[in-house]
Amino acid sequence: MTQPTATPEARRRPTDAAADDVTSLGRADSRAVRRRSLRLLGDLLRHHKPALAWAALLVVASTLGQVAGPWLVAVAIDRAVPAFADGSVTPLVLTGAGYLVAAVLGGVAAGAYVRAAARIAQAVLLDLRRRVFRQTQRLSLEFHESYTSGRIISRQTSDLEALRELLDGGLTGVVSSLLLMVFTFVSLALLDWRSGVVLAVAFVPAWLLTRWFQRMSQRYYREQRTASARLIVKFVETMTGMRAVQAFRREPTTEAEYRALGEDYRDANLQIFGVNGRFQPGLILIGNLTVVAALGVGGWRVLEGTLAVGVLAAVLLYCKRFFQPVQQLGMFYNAFQSATAALEKVSGLLAEEPTVVEPTNPVPLPQGSARGELRLEHVVFRYGDGPVVLPGLDLTIPAGQTVAVVGTTGAGKSTVAKLVTRFYDATEGAVRLDGIDVRDLASADLRRAVVMVTQEAYLFSGSVRENIALGRPGATQDEIEAAARAVGAHEFVLDMPDGYDTDVNKRGGRVSAGQRQLLSFARAFLADPAVLVLDEATSSLDMPGERLVQRGLQTLLADRTAIIIAHRLSTVAIADRVLVMEHGRVVEDGAPADLIAGDGRYAQLHAAWQDSLV
Ligand SMILES: Nc1ncnc2c1ncn2[C@@H]1O[C@H](COP(=O)(O)OP(=O)(O)OP(=O)(O)O)[C@@H](O)[C@H]1O
Ligand SMILES: [Mg+2]
């Protein structure tokens with residue numbers, strides 16, 4: 001799928017492409033994709049073997065019930081009715097009763113089959129839904145930074161929806177239609193092989209028409225899906241970027257773009273209907289011509305005396321019925337197409353492996369909990385196969401030290417934060433916590449020891465209390481309040497409509513960017529990690545707010561190792577040590593006072609900042 005935007009798509013990995021566009025793949029790749037989705041399907045159905053067998057039994061029974069009808073009609077006309085004329089009632093009663101039993105049993109079995117298939121389908125869908133969700137949570141940040149949210153939303157919505165459509169009705173229909181065709185043909189051939197030949201001949205144009213339909217609808221459905229995915233991506237992008245859209249008066253442009261995509265989607269749909277509009281009447285015509293041919297051939301033979309009238313009636317019924325499922329099959333083929341494509345994409349997502357992997361033999365931290373000494377040993381880093389961001393970083397941060405990292409934008413500060421918190425692994429070299437490579441630590445230990453607070457300071461829907469308690473599940477109200485007090489959040493929380501029970505996403509519960517950050521500080525305080533990483537975490541605070549937080553921050557930083565990435569130099573003042581980064585290297589390293597006294601980059605920055613304050 002070609003994205004309409006120049007977002008990080010350029011950096012996406014080949015597996016992403018496989019997940020989104022099978023057309024651009026080579027033969028071997030597309031076979032691999034097919035194998036992958038079949039494997040997924042097999043895996044999903046594995047737990048339902050008995051239920052599948054039961055459903056198969058039911059569908060066979062219901063189809064048998066259906067094909068028995070015309071046969072019994074032939075028997076009734078050719079044997080039972082003449083017998084009745086001769087005074088014997090039994091054959092007619094028997095065939096009548098047989099017809100009734102076949103109809104009732106067929107109906108009951110058909111109903112039971114639909115229910116059994118629905119149960120399997122719903123179980124499979126739930127399983128798949130959960131797998132997709134679990135997988136997206138399991139995948140590393142690298143994946144989420146390169147796979148656009150619109151695409152991931154399509155996986156969980158429209159792709160699963162396509163599978164639901166197939167499983168809900170389509171598949172059940174396809175199976176019973178196919179079976180009905182086979183059984184109808186076999187019954188007809190057994191009843192009168194010459195009519196079987198007529199049907200077999202008529203099947204050729206029907207088959208050709210169906211193949212044509214499949215080819216065309218495959219092409220147009222692919223276009224339709226691409227168009228629909230683009231529409232979703234555009235919509236999600238506009239909605240998530242609404243602030244920027246409105247701030248820069250982009251509405252007319254985005255509207256025009258959205259409209260063009262909407263028109264593409266409409267056109268793709270119209271093309272599909274165009275194909276359907278030729279396929280359906282074509283089949284009806286073939287079906288009716290077949291009936292005419294069977295009637296012509298059969299009628300001639302009846303006159304000749306080589307075919308019984310009852311058999312002719314049954315032949316006509318079979319011929320008429322034969323083409324009904326073909327039409328249904330053709331329609332289901334569309335659902336089947338979308339569902340196969342959806343399954344390919346979903347299986348692609350499920351096949352992604354986290355780039356940051358859990359160690360097989362995790363090393364425990366000395367004495368059970370971290371002291372907080374950090375060491376970066378000749379760390380080289382690049383994102384994927386992009387340019388080198390850190391060309392070789394050596395850095396030791398003793399336990400308990402507060403280090404401020406400053407530097408120009410793009411210098412690699414956030415990258416260092418992401419390596420220390422192990423959202424990414426170093427390309428070369430190692431990051432060590434208390435001497436242990438972070439790649440050898442169990443993620444539970446690492447997450448307890450190292451906590452990152454970012455500028456986004458994300459709040460989940462729920463109460464203020466729940467949001468702070470995320471730092472340490474199971475914390476008491478007193479602990480939560482103590483944490484809020486420590487960072488200076490307690491007062492404004494009490495001012496909210498329901499205090500700690502205020503829902504942060506409800507009217508009145510909305511918090512400002514600064515308050516949001518104080519809440520995320522409280523969360524981090526409660527988590528009480530050995531190492532704290534703050535990435536631009538003080539940037540949305542106003543001056544008094546910042547002073548307030550400065551105090552809270554000192555409480556937060558006491559007795560732990562901290563890396564503070566800040567553009568504001570007031571935050572840097574509380575640090576023991578300052579690192580100035582340029583192009584992935586540390587160019588200055590020292591106590592703030594020493595650096596200010598010198599004439600390096602930090603001294604200049606500091607002087608400029610001082611000037612800006614007066
Ligand atoms: N997810 C990513 N994928 C690819 N490249 C990235 C990614 N994130 C950052 N980069 C690149 O890595 C380099 C360092 O980025 P980083 O975010 O570490 O800078 P920074 O010092 O935090 O900048 P800022 O002060 O603007 O936050 C930049 O050139 C950036 O383009
Ligand atoms: Mg940054």
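**Questions on a predicted model**

Me: In this predicted model, is Leu58 buried or exposed?
Reply: Count the neighbours around Leu58: 21 other C-beta atoms lie within 10 Å. The cut-off for burial is 20 or more. Leu58 is therefore buried.

Me: Which residues does Leu58 touch, leaving out those up to four places away in sequence?
Reply: Leu58 sits in helix α3, residues 49-85. Ala110 is 52 residues away in sequence, yet the C-alpha atoms of Leu58 and Ala110 are 6.8 Å apart. The residues that Leu58 touches are Ala109, Ala112, Tyr113 and Ala116.

Me: How far apart are the end C-alpha atoms of residues 282-300?
Reply: The unreviewed UniProt entry lists residues 282-300 under "transmembrane region", along with others including 196-213. The 196-213 span is 100% helix, and its end C-alpha atoms are 25 Å apart. The 282-300 span is also 100% helix, with 0% strand. Its end C-alpha atoms are separated by 27 Å.

Me: Which strands stand at the edges of the sheet β2-β1-β4-β5?
Reply: This open sheet has 4 strands with antiparallel pairing. An edge strand has a single partner, so one of its sides is left without a neighbour in the sheet. That applies to β2 (388-397) and β5 (436-437).

Me: What is the bridge partner of Leu376 in β4?
Reply: Strand β1 covers residues 374-382, and β4 covers 428-433. The two run antiparallel and are joined by 5 bridges. Leu376 has as its partner Val431.

Me: In what sense do β6 and β7 pair?
Reply: Strands in a sheet pair through backbone hydrogen bonds, in either a parallel or an antiparallel sense. The sheet β6-β7-β8-β3-β9-β10 is open and mixed. Between β6 and β7 (residues 531-535) there are 5 bridges, and Val450 stands opposite Val531 in β7. The sense is parallel.

Me: Which helix lies across β6 and β7?
Reply: Its direction is at about 175° to β6. The helix covers residues 513-527. It is α16.

Me: Which element gives the most residues to the shell around ligand 1?
Reply: The shell includes Glu145, Tyr383, Lys413, Ser414 and Thr415. By class it holds 3 nonpolar, 7 polar and 2 charged residues. The biggest contribution, 3 residues, is from α11.

Notes
Residues are numbered from 1 along each chain as its sequence is written. Chains are lettered from A and ligands numbered from 1 in the order in which they are written. This is a predicted model: local features need pLDDT of at least 70, side-chain atom pairs count only at pLDDT 80 or more; totals for chains, interfaces and linings use all residues. Two strands pair if DSSP finds at least two bridges between them. UniProt positions are given in the numbering used here, feature names are shortened, and annotations may be inferred rather than shown by experiment. A residue is near a molecule or strand if its C-beta atom, placed from the backbone, lies within 6 Å of it. Ala, Val, Leu, Ile, Met, Phe, Trp, Tyr, Cys and Pro count as nonpolar, Asp, Glu, Lys and Arg as charged, and the others, Gly among them, as polar. A residue is buried if 20 or more other C-beta atoms lie within 10 Å of its own, exposed if 12 or fewer, and partly exposed in between; C-beta atoms are placed from the backbone. Two residues are in contact if their C-beta atoms, placed from the backbone, lie within 7 Å. Axes are lines fitted to C-alpha atoms, for helices over the stretch in contact, and angles run from 0 to 180 degrees between N-to-C directions.
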